[in-house]
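Thanks for opening this one up with me. Below are a few points to follow as you turn the model on your screen.

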Amino acid sequence: MTVPRCGIPDIVKGKTPMKSGKEGHISGGKSSSLQTAKPFIFFPGIPKWPLSKSHLTYRFNSSILVTDTKTLKAVCSSAFARWAEVSHFTFSEAVHPHQKPDIVIGFHRGHHGDMSSFDGAGGVLAHAFSPRDGRFHYDAEENWSTYPVPGQCTMDLETVVLHEIGHLLGLGHSTEPNAVMFPSIRAGSLKRKLDVADIRGIRALYRIHP
């Protein structure tokens with residue numbers, strides 16, 4: 001059975017987008033395109049946000065309506081809070097219409113203008129680009145849920161956003177199966193807590209001492 005996944009497309013204009021495929025599994029791509037520091041991996045060139053940029057703002061911009069805005073905001077807020085707990089980052093929604101956000105989150109399908117087209121239900125779940133691009137896209141054709149049922153082909157919104165935020169901050173895929181940054185996840189399953197490998201990765205990338 002094909003597991004949904006987070007895929008890693010080729011480097012585009014110096015930036016490496018990470019995409020998550022179905023699974024519920026967040027998987028895939030060319031591991032050789034990443035620099036390894038087991039059990040966590042960084043992007044080529046180790047791109048990251050400057051240390052002076054510890055507060056990141058985000059905004060929602062979808063081409064297709066999949067879930068209501070209130071639900072999506074709650075899911076993303078919870079995921080951002082988990083990364084904030086283990087790093088020096090803080091996050092908030094960009095509410096002023098003229099404020100340019102650091103991160104843009106949305107649902108799209110097929111070809112959507114970032115040279116990394118989605119493949120429809122059953123493949124790539126989502127993708128996000130390395131710092132400081134800030135784009136994070138869900139595949140609108142997947143069966144999304146806030147409370148997926150084990151054994152059914154539904155993907156957890158929060159599990160996937162937690163994974164993709166890791167990419168937005170500079171982490172690649174982990175080799176640790178229990179890690180949020182592991183490249184695949186079973187449909188209907190939840191992974192809403194950061195693993196030791198995820199925490200070690202973000203702290204090593206930004207040289208954060210507990």
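**Notes for a first look**

1. Let's begin at a turn. This is a predicted model, and in its hairpin of β8 and β9 the two strands have five residues between them. One residue to find there is G134, which takes a positive phi near 85°.

2. Stay with the two strands of that hairpin. Strand β8 covers residues 124-129 and pairs with β9 in the antiparallel sense, over three bridges. A good place to check the pairing is A128, which stands opposite F136 in β9.

3. Now look for another partner of β9. Strand β7, residues 103-108, runs parallel to β9, and five bridges join the two. Here I105 stands opposite F136, the residue that A128 also stands opposite. F136 therefore makes a handy landmark for following both pairings.

4. Is β9 largely enclosed or left open by the rest of the structure? The strand spans residues 135-139, and four of its five residues are buried, so the rest of the structure largely encloses it.

5. Next, move along to helix α3, residues 196-205. Its buried residues are A197, D198, G201, I202 and L205. They lie on the same side of α3, because the arc they cover around the axis is only 125°. The spacing fits a general rule: an α-helix has 3.6 residues a turn, so residues three or four places apart point the same way.

6. What do the buried residues of α3 pack against? Their partners are strand β4 (40-42) and the helices α1 (69-86) and α2 (157-169).

7. Both ends of α3 deserve a glance. At its start, a side-chain oxygen of D195 comes within 2.9 Å of the backbone nitrogen of A197, and A197 is itself one of the buried residues of the helix. After the helix comes R207, with a positive phi near 55°.

8. Finally, step back to the whole chain. It holds three helices and eleven strands, in the sequence order β-β-β-β-β-α-β-β-β-β-β-β-α-α. Of its 210 residues, 55% are buried. Among contacts between residues at least 6 apart in sequence, 66% join residues at least 24 apart. The accessible surface comes to about 9,600 Å², and carbon and sulfur atoms account for 52% of it.

Conventions:
Residues are numbered from 1 along each chain as its sequence is written. This is a predicted model: local features need pLDDT of at least 70, side-chain atom pairs count only at pLDDT 80 or more; totals for chains, interfaces and linings use all residues. Side-chain values use heavy atoms; hydrogens and water are left out. Buried means under 20% relative accessible area, exposed over 50%, partly exposed in between (1.4 Å probe, protein chains only). The arc is that of the directions from the helix axis to the C-beta atoms. Contact means heavy atoms within 4.5 Å. A polar contact is a pair of N or O atoms within 3.5 Å; within protein, one must be able to donate a hydrogen and the other to accept it, and residues adjacent in sequence count only if both atoms are side-chain atoms. Accessible areas come from the Shrake-Rupley method with a 1.4 Å probe; for residues, only the protein chains shown count as cover. Two strands pair if DSSP finds at least two bridges between them.
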